[in-house]
Amino acid sequence: MSGIDILGTGHYVPENRLSNDDLSKMVKTNDEWIFPRTGIKTRHISKTENTSELAYQAAKKAIENSGIDKSDIGFIIVATCSADNIMPSVACMLLDRLDLNNQHVMAFDLNAACTGFVYALSVANALLATRPDKCAVVIGAEVFSKLLDYTDRSTCILFGDGAGAVVVKYCASAKFYQVISSKGNTDALRIPGVPFYDCTEPSYCTMNGQEVFKFAVEYPSYSMQEVLDHLGYTMKDIHYVLFHQANARIVASVSKRMKIRQEQLYMNIEEYGNTSAASIAIMLDEMNQKGLLKKGMKLLLVGFGAGLTWGTIYLEW
Ligand code: UT7
């Protein structure tokens with residue numbers, strides 16, 4: 001079995017915070033409703049910085065943290081559904097700023113909504129096997145706030161902005177296994193794109209919260225179980241589960257179902273809300289900076305989101 005080594009991590013969030021109390025002045029809601037149902041107290045909301053800026057700051061930190069030479073970078077993959085432009089990609093926008101324009105870099109964005117970072121890491125794993133001499137910078141970055149209707153209390157309370165990044169390299173002795181999947185559903189969670197033909201729809205996020213909740217408790221669990229079964233492990237063998245931070249109640253329900261102990265979870269939803277494709281990457285960097293991750297630790301990275309998309313990656317730190 002071969003896989004990838006995570007050489008460095010970084011994350012960046014805008015300074016500006018939006019608390020539940022702040023939101024209660026904008027829509028008919030309050031902390032008493034939001035916190036018990038979601039686990040969210042506050043989120044970071046960009047005032048002027050776009051997705052490429054957040055991605056750049058996170059990538060810069062991850063590259064510094066990895067200690068690699070920039071000439072080793074062969075791939076930049078940005079998982080996002082809130083890119084600055086439809087084209088060029090956020091990944092291409094980073095080339096200039098990271099001073100990578102004078103070397104061969106395959107740079108592209110990937111949209112798998114909140115599962116984006118899991119998808120991007122899986123793609124990086126496959127690409128690096130073809131170029132074991134190169135590193136990939138894999139970034140999850142979102143300014144989701146620009147896609148929200150701040151008069152819709154059922155969605156605007158959930159999401160926040162942020163970016164996380166990792167630098168990864170092929171490793172012949174690394175263990176990596178994934179079960180990643182998708183199914184077409186445009187009703188549960190959707191943000192319309194460029195208006196086509198006689199379109200009167202606003203370009204905001206709409207969601208069937210209960211449908212997404214049920215899906216989130218069920219499907220990611222299947223992928224976790226399939227990964228564990230393939231590797232011959234039980235949940236007890238896993239050191240940490242990095243479960244997409246969409247709602248603390250979803251994590252609690254999945255934990256009960258999958259017998260994940262509290263100490264196996266890392267949670268930061270209270271501070272950031274749901275940062276979509278950035279969520280797992282931000283967790284990885286925070287855990288790394290706090291010294292929680294020790295060599296050889298067994299991790300499950302679990303994502304789910306619009307598409308519908310979901311998946312679990314097993315890797316060792
Ligand atoms: O990455 C994936 C992203 N999406 C998710 O993870 C979403 C998953 N779903 C959820 O997290 C939950 O469904 C929500 C937190 C979004 C909603 O919780 P819920 O317990 O499913 O509430 P609900 O939609 O059934 O609404 C219950 C009531 C409704 O009022 P009525 O019709 O019973 O009078 C809503 O209008 O709560 C009302 N409500 C609110 N009240 C105060 C909905 N949002 C709010 C709010 N503040 N922010």
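Which polar side-chain atom lies 3.0 Å from an oxygen atom of the ligand? In this predicted model, the atom in question belongs to Asn274.

**View 1. Polar contacts of the ligand with Asn274, Arg153 and Gly209.** The side chain of Asn274 places a polar atom 3.0 Å from a ligand oxygen, and an N or O atom in the side chain of Arg153 is found 2.9 Å from an oxygen atom of the ligand. At Gly209 the partner is a polar backbone atom, which is 2.9 Å from a nitrogen atom of the ligand. The ligand taken alone exposes 950 Å², and 71% of that area is buried by the protein.

**View 2. The shell of residues around the ligand in the second largest pocket.** The ligand sits in the second largest pocket, with 23 residues around it, of which Thr29, Arg153, Gly209, Gln210 and Asn247 come nearest. When the shell is sorted by class, 12 residues are nonpolar, eight are polar and three are charged.

**View 3. Helices that contribute to the shell around the ligand.** Helix H2 (31–38), helix H6 (153–156) and helix H7 (209–231) each provide at least two residues of this shell. The largest share, four residues, is supplied by H7.

**View 4. The cis peptide bond from Met87 to Pro88.** The bond that joins Met87 to Pro88 is cis, and its omega is near 0 degrees. Pro88 belongs to the loop that runs between strand E4 (73–79) and helix H4 (90–97).

**View 5. The cis peptide bond from Gly307 to Leu308.** Between Gly307 and Leu308 the peptide bond is modelled as cis, with omega near 0 degrees. Leu308 is part of strand E13, which covers residues 307–316.

**View 6. Ala113, a residue with positive phi that is not a glycine.** Ala113 has a phi of about 50 degrees and is placed in the loop between strand E5 (106–110) and helix H5 (116–130). Is Ala113 buried or exposed? Its relative accessibility is 9%, and Ala113 therefore counts as buried, the cut-off being under 20% relative accessible area.

**View 7. Ser276, a residue with positive phi that is not a glycine.** For Ser276 the computed phi is positive, at about 55 degrees, and the residue is found in the loop between helix H9 (269–272) and helix H10 (279–289). Ser276 has a relative accessible area of 1% and is therefore buried.

Terms used
Residues numbered from 1 in each chain as written. Predicted model: local features only at pLDDT ≥ 70, side-chain atom pairs only at ≥ 80, totals over all residues. Heavy atoms only, no water. Near = heavy atom within 4 Å. Polar contact = N/O pair within 3.5 Å; in protein donor to acceptor, adjacent residues only side chain to side chain. Areas by Shrake-Rupley, 256 points an atom, 1.4 Å probe, with all protein chains shown as cover. 1 Å grid on protein atoms, 1.4 Å probe; cavity = no way out; pocket = protein on both sides within 12 Å on 5 of 7 lines; lining within 4 Å. Sits in = over half its atoms within 2 Å of the grid points. Nonpolar A, V, L, I, M, F, W, Y, C, P; charged D, E, K, R; others polar. Buried < 20%, exposed > 50% of the residue type's maximum accessible area, 1.4 Å probe, protein only.
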